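Let's take a walk through this one, starting from the outside and working inwards. Have the viewer open and follow along.

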Amino acid sequence: MLEVRDLATAFHTRRGVVRAVDGISYTLRRGESLGLVGESGSGKSVSALSLLGLVPPPGRVERGRVLLRGRDVLAMSARARRAVRGRDIAMVFQDPMTSLNPVLTIGRQLTEGLRRHLGMDAAGARRRAQELLDMVGIPGAHGRLDDYPHHFSGGQRQRIMIAMALACEPAVLVADEPTTALDVTIQAQIVRLVKELQARLGMAILWITHDLALVAGLVDRVAVMYAGRIVEHARVRELYARPRHPYTAGLLRSMPAASGPRPRRLHSIAGQPPDLAALPPGCPFAPRCGYAAEECRRTRPELTPTSPDAAVACLRWREVADDVGGAAGAPGVRRPPPTAGGGEFP
């Protein structure tokens with residue numbers, strides 16, 4: 001359904017060129033889910049905007065291909081791309097309060113895509129909009145189409161954003177941290193809703209998040225991003241059971257265990273993400289990595305297959321894999337890897 005090849009997006013600023021996405025590749029098949037995870041600033045959201053041609057200036061896609069059912073979205077004219085967005089590929093944005101238009105009714109915003117992409121008349125589009133609100137669980141949907149975004153709770157606004165994205169039954173859904181601002185109860189409801197709709201519609205889903213616990217039971221495969229690149233890629237069970245990149249291992253150790261004894265301290269990854277306008281010459285994670293050797297500071301590792309379903313960009317991945325592994329019943333590690341400069345908090 002979707003094939004991304006060597007996608008690179010940069011922002012040209014006075015400070016220099018910020019390479020927010022630096023040559024990432026992945027595929028999505030029908031009915032499959034891929035989780036794109038990493039810290040804030042790793043390039044996840046920019047990569048999603050790049051797929052749809054929505055990168056704001058001064059950013060621009062500098063190279064790569066985005067093949068949607070075999071057609072390169074990036075090579076399309078602006079008009080052809082508008083015809084694809086919302087119809088064949090749709091996006092759920094992070095913050096529904098800023099993504100929904102505050103001066104237009106929910107009904108107006110839901111029916112716009114139906115009329116533009118599917119050619120429905122006003123009455124038919126309104127009936128379909130009501131069905132969509134029912135589908136995502138908005139109470140009293142029949143009387144809510146003339147309400148404005150501020151009349152709905154945060155969880156309801158997020159459901160409306162999902163309804164808008166699914167209105168034309170797209171082949172690919174891009175969900176950019178759609179549950180970040182929601183409490184855990186509503187978050188669970190949203191995740192369950194997306195999974196039910198995926199099963200019903202056969203969509204491929206790219207789920208972008210910094211929350212590895214969230215994607216554990218939601219996706220088939222996980223791609224971990226750091227400094228604009230994918231540094232590890234594996235099926236979800238394999239990645240949680242035996243991470244091969246020290247960054248992935250650090251992210252997993254930062255999660256509270258779902259079962260077993262509670263640790264006295266939670267782990268945090270030492271240091272800060274790198275400045276994307278001034279990346280170090282070698283591995284960008286080396287300054288934060290307890291495994292880093294001199295070779296790591298000179299050579300930037302490429303994504304290399306480690307099994308039929310996994311790949312990692314780390315020169316010392318075998319040592320990492322030997323040291324860490326999934327704790328039984330919960331994501332985590334048995335033996336913590338060395339850290340650079342501490343990295344724990346009470």
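**From the surface to the core**

The protein exposes about 16100 Å², and carbon and sulfur atoms supply 50% of that area. Keep in mind that you're looking at a predicted model. On the charge side, there are 47 positive and 33 negative charges, and their mean positions are 2 Å apart.

Now for the overall build. The fold has 12 helices and 14 strands. Its radius of gyration is 21 Å, close to the 20 Å from the globule rule for 346 residues, so the protein is as compact as a globular protein of that length. If you'd like a box to picture, the C-alpha trace spans about 65 × 45 × 40 Å along the principal axes. Inside that box, 51% of the 346 residues count as buried. Take the contacts with a separation of 6 or more: 66% of them come from residues 24 or more positions apart.

Next, zoom in on helix α1, which covers residues 44-51. This helix is mostly covered, with seven of its eight residues buried. Among the buried ones are Lys44, Val46 and Leu49. There's a general point about helices to keep handy here: an α-helix has 3.6 residues a turn, so residues three or four places apart point the same way. Just after α1, Gly53 takes a positive phi of about 70°.

Is Ser47, in the same helix, buried or exposed? Ser47 counts as buried because its relative accessibility is 0%, and the cut-off for buried is under 20%. What does Ser47 touch, leaving aside its neighbours within four places in sequence? Its contacts are Leu7, Val21, Ile24, Leu36 and Met225.

From Met225, one of those contacts of Ser47, step over to strand β9, which runs over residues 221-226 and holds Tyr226. That brings us to the aromatics. A search of the whole structure turns up three aromatic pairs. In one of them, the ring centres of Tyr226 and Phe285 are 5.2 Å apart and the planes sit at 90°, so this pair is edge-to-face. Phe285 lies in the loop between β11 (266-267) and α11 (294-298), so the pair ties together parts that are 59 residues apart in sequence.

Both partners are hidden away: Tyr226 counts as buried at 2% relative accessibility, and Phe285 is buried too, with a relative accessible area of 3%. Add Tyr247 to the picture and you have one aromatic cluster, formed by Tyr226, Tyr247 and Phe285.

Notes. Residues are numbered from 1 along each chain as its sequence is written. This is a predicted model: local features need pLDDT of at least 70, side-chain atom pairs count only at pLDDT 80 or more; totals for chains, interfaces and linings use all residues. Side-chain values use heavy atoms; hydrogens and water are left out. Helices (H or I, at least four residues) and strands (E, at least two) are DSSP runs, numbered from the N terminus. Buried means under 20% relative accessible area, exposed over 50%, partly exposed in between (1.4 Å probe, protein chains only). Contact means heavy atoms within 4.5 Å. Rings of Phe, Tyr and Trp (its six-membered ring) pair if their centres lie within 6.5 Å; planes under 30 degrees apart count as stacked, over 60 as edge-to-face and the rest as tilted. The radius of gyration is taken over C-alpha atoms; the globule rule is 2.2 Å times the number of residues to the power 0.38. Accessible areas come from the Shrake-Rupley method with a 1.4 Å probe; for residues, only the protein chains shown count as cover. Lys and Arg count as positive and Asp and Glu as negative; His and the chain ends are not counted. The place of a charge is taken as NZ of Lys, CZ of Arg, CG of Asp or CD of Glu.
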